[in-house]
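Me: I would like a close look at a single part of this model, the surroundings of its ligand, and then an account of how that part sits in the rest of the chain.

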Amino acid sequence: MTFPYQHIVILTGAGISAESGIKTFRDQDGLWEEHHIEDVATPEGFERNPTLVQQFYNDRRRQLQSGVSPNLAHNALAYLEKTTHASVLVVTQNIDDLHERAGTHHIIHMHGELLKARCSHSQQTIDWKGDISVSDHCHCCQMPAPLRPHVVWFGEMPWGMGKIHEALNKADLFISIGTSGAVYPAAGFVHEAAMHGAHTIEINLEPSAVESEFDERRYGKASTLVPELVD
Ligand code: BJW
């Protein structure tokens, strides 16, 4: 990339993993067409029916570990981090590990990680590649607290917000890829970066809910547009 930028922040959403075969949330045939958000993506839903919620994440955990791999967009971002002199931070809303598998090192999973579980009592996280059942207990404490998926549900605070705000305040380039702009605080990052002087670019299949906040907009598939931008 020949851009004269020093501090690049890249926000990614479900759209970047769509071409790897992972469903988005709000597109036609997306996850929210098959599941009620309040049942599977809220702390109250987990309290009401932990088995249903663990099942939802166990299914997605199994899918992630069976034949899904990074696509050209993930690869292009890893290549950018490796080859540019600028600092590059990927802030992903995705809970899959496709950025890491492509080779990205500087990453914040603001909505958590599918291949980790968390103790509801101590909040300690552990690597978890198999199914979680409601009877699984945490190894870290003696309390009868169920393990929960290490994800951020509605009403919960996303991870890494201090570091994200710091990076957005310093960024001279902000790129958003494959997100509908429907969920805050991520949807507000473009505004924050622009307020601090960053040039802002949206890459998505279609205009997002916050498209008017961006300086540049490029619409099409991430696997085509991201390598084009980075090369
Ligand atoms: C392609 C493509 C291709 C397809 N190439 N593109 C009222 C106003 C403002 C805010 C709020 C409000 N009421 C409540 C809130 C806050 C709330 C919120 O934002 N609600 C909205 C519904 C309004 N947010 C929260 O609660 C967050 N926490 C918070 O605010 O904490 C502060 C706080 C806490 C407590 C007290 C006080 C303050 C937490 C949000 C958690 C979101 N969790 C989920 C589930 C995570 C785990 C999991 O994966 O199951 O995160 S929901 C889901 O949405 C998931 C995603 O990360 C997130 C965003 O989705 P994303 O990635 O944008 O996917 P899609 O499907 O929406 O879009 C995909 C896009 O890709 C589409 O546009 C396609 O066109 C495109 N695409 N193929 C390029 N090939």
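Which of the 35 residues around the ligand come nearest?

Reply: Please keep in mind throughout that this is a predicted model. Of the 35 residues around the ligand, the ones that come nearest are G13, G15, T24, Q93 and S180. When the shell around the ligand is sorted by residue class, 17 of its residues are nonpolar, twelve are polar and six are charged. Helix α1, which covers residues 14-18, gives the most to this shell, with three residues.

The shell is also informative about the domains. The domain assignment splits the protein chain into domain 1 (1-22 + 70-111 + 158-231) and domain 2 (23-67 + 114-151), and the shell around the ligand draws at least three residues from each of them. The C-alpha centres of domain 1 and domain 2 lie 25 Å apart, and the contact between them takes ten residues from domain 1 and eight residues from domain 2. On the side of domain 1 that touches domain 2, the classes are five nonpolar, three polar and two charged residues.

Next come the positions that a record marks for binding. UniProt, in an unreviewed entry, places the feature "binding site" at Y57 and R60. Y57 lies in helix α5, which spans residues 50-64, and R60 lies in helix α5 as well. Y57 counts as buried because it has 20 C-beta neighbours inside 10 Å, the number at which a residue is called buried. R60, with 18 other C-beta atoms within 10 Å, is therefore partly exposed. Leaving out residues up to four places away in sequence, Y57 touches L114 and P149.

The unreviewed UniProt entry also lists C119 and C138 under "binding site"; although these two are spread over 20 residues of sequence, they cluster in space, with a largest C-alpha distance of 5.8 Å. C119 is placed in strand β4, residues 112-119, while C138 is found in the loop between β5 (125-127) and β6 (147-151). C119 is buried, since 20 other C-beta atoms lie within 10 Å, and C138 likewise counts as buried because it has 20 C-beta neighbours inside 10 Å. Apart from neighbours within four places in sequence, C119 is in contact with Q124, C138, C140, C141, A145 and L147. On the same basis, the contacts of C138 are C119, H121, S122, A145 and L147.

The loop between β4 and β5 contains Q123, whose phi is near 70 degrees, a positive value in a residue other than glycine. Q123 counts as exposed because it has 11 C-beta neighbours inside 10 Å. A second residue with this backbone feature is D29, where phi is near 75 degrees, again positive in a residue other than glycine. D29 lies in the loop between α1 and α2 (31-34), and with 8 C-beta neighbours inside 10 Å D29 counts as exposed. Another backbone detail is the cis peptide bond that joins Y184 and P185, with omega at about 10 degrees; P185 has its place in the loop between β7 (173-177) and α9 (189-195).

E202 offers a further reference point, in strand β8 (residues 199-204). E202 counts as buried because it has 25 C-beta neighbours inside 10 Å. Leaving aside neighbours within four places in sequence, E202 is in contact with S176, S208, E211, F214 and R217. To give a sense of scale, E202 and P144 are 58 residues apart in sequence and 45 Å apart in space, taken from C-alpha to C-alpha.

Finally, the whole chain gives the setting for these parts. The protein chain has ten helices and nine strands, and its C-alpha atoms fill a box of roughly 55 × 35 × 30 Å along the principal axes. A compact globule of 231 residues would have a radius of gyration near 17 Å, so the 18 Å of the protein chain agrees with that expectation. Buried residues make up 40% of the 231 residues. Among contacts between residues at least 6 apart in sequence, 62% join residues at least 24 apart.

Methods: Residues numbered from 1 in each chain as written. Predicted model: local features only at pLDDT ≥ 70, side-chain atom pairs only at ≥ 80, totals over all residues. Helix = DSSP H or I, 4+ residues; strand = E, 2+ residues; numbered from the N terminus. Rg over C-alpha atoms; globule rule 2.2 N^0.38 Å. Buried ≥ 20, exposed ≤ 12 C-beta atoms within 10 Å, placed from the backbone. Contact = placed C-beta atoms within 7 Å. Near = placed C-beta within 6 Å. Nonpolar A, V, L, I, M, F, W, Y, C, P; charged D, E, K, R; others polar. Domains from an automatic or database assignment. UniProt positions renumbered as here; feature names shortened; annotations may be inferred.
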